[in-house]
Amino acid sequence: MAKYQIAENIRNEELKRWVTDMAELCAPDAVYLCNGSDEEYDRICQEMADAGTFVKLNAEKRPN
């Protein structure tokens, strides 16, 4: 069984347990917990655009 590190800033013990249980059950290569920040959104959108799975819309016509 893989051991996954949960960020220290996550204090909800039930969430930590659930994430650990699901990671052990599903055995992913990595686990990433989203924080909902604008930086994260921009980074994920750029990663998907670079991979060809996401098309950015015209920012003037369709912001965000």
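A residue counts as exposed when its relative accessible area is over 50%, as buried when that area is under 20%, and as partly exposed in between. With this scale in hand, the reader can follow the chain of this predicted model from one helix to the next, and A27 makes a convenient place to begin, because at 56% relative accessibility A27 counts as exposed. A27 sits in the loop between helix 1 and helix 2, directly after helix 1, and its phi is near 50°, which is a positive value in a residue other than glycine.

Going back from A27 leads into helix 1, which covers residues 13–26. The helix has 14 residues, and the distance from its first C-alpha to its last reaches 20 Å, close to the 20 Å expected at 1.5 Å a residue. Its N-terminal end is capped by N12, a side-chain oxygen of which lies 2.9 Å from the backbone nitrogen of E14.

Charged side chains then mark the course of helix 1. E13 and K16 form a salt bridge in which the closest N and O atoms are 3.5 Å apart, and both residues lie in helix 1, three residues apart, or about one turn of the helix. The two partners fall into separate classes of accessibility: E13 counts as exposed because its relative accessibility is 55%, whereas K16, at 23%, counts as partly exposed. A further set of charged residues, E14, R17 and D21, is linked in a network of salt bridges. Of these, D21 is found in helix 1 and, at 31% relative accessibility, counts as partly exposed. D21 can also be placed relative to an earlier part of the chain, since the C-alpha atoms of D21 and Y4 are separated by 10.0 Å, while the two residues are 17 residues apart along the chain.

Beyond the loop that holds A27 comes helix 2, which spans residues 38–51. Helix 2 has 14 residues and reaches 20 Å from its first C-alpha to its last, again close to the 20 Å expected at 1.5 Å a residue. Just after this helix, G52 takes a positive phi of about 85°, so that the end of helix 2, like that of helix 1, is followed by a residue with positive phi, A27 in the case of helix 1.Within helix 2, R43 takes part in two salt bridges, one towards each end of the pair of residues E39 and E47. The side chains of R43 and E39 meet at 3.7 Å, N to O, and the closest N and O atoms of E47 and R43 are 3.2 Å apart. Being four residues apart in helix 2, R43 and E39 are separated by about one helical turn, and the spacing between E47 and R43 is likewise four residues, or about one helical turn. R43 counts as partly exposed because its relative accessibility is 29%, and E47 is also partly exposed, with a relative accessible area of 46%. For the model as a whole, the count of salt bridges comes to five. To relate the two helices through one pair of residues, E47 and T20 are 27 residues apart in sequence and 26 Å apart in space, C-alpha to C-alpha.

Which residue of helix 2 is buried rather than exposed? C45 has its place in helix 2 and, at 6% relative accessibility, counts as buried. The C-alpha atoms of C45 and V55, which are 10 residues apart along the chain, are separated by 8.6 Å.

C45 and V55 also lead to the largest pocket, as both are among the residues that line it. Empty space of this kind can be found by rolling a probe the size of a water molecule over the atoms. The largest pocket has a volume of about 250 Å³, and its lining is made up of Y41, D42, C45, F54, V55, K56, L57, A59, R62, P63 and N64. By character, the residues of this lining divide into seven nonpolar, one polar and three charged. Under the classification used, Asp, Lys and Arg count as charged, so the charged members of the lining are D42, K56 and R62.

Definitions and conventions. Residues are numbered from 1 along each chain as its sequence is written. This is a predicted model: local features need pLDDT of at least 70, side-chain atom pairs count only at pLDDT 80 or more; totals for chains, interfaces and linings use all residues. Side-chain values use heavy atoms; hydrogens and water are left out. On a 1 Å grid over the protein atoms alone, a cavity is a set of points where a 1.4 Å probe fits but cannot get out, and a pocket is an open set with protein on both sides within 12 Å along at least five of seven lines; lining residues have an atom within 4 Å of a point. Grid points are joined across faces, edges and corners, and a volume is the space filled by probe spheres set on the points. The expected span of a helix is 1.5 Å times one less than its number of residues. A polar contact is a pair of N or O atoms within 3.5 Å; within protein, one must be able to donate a hydrogen and the other to accept it, and residues adjacent in sequence count only if both atoms are side-chain atoms. A salt bridge is a side-chain nitrogen of Lys or Arg within 4 Å of a carboxyl oxygen of Asp or Glu. Buried means under 20% relative accessible area, exposed over 50%, partly exposed in between (1.4 Å probe, protein chains only).
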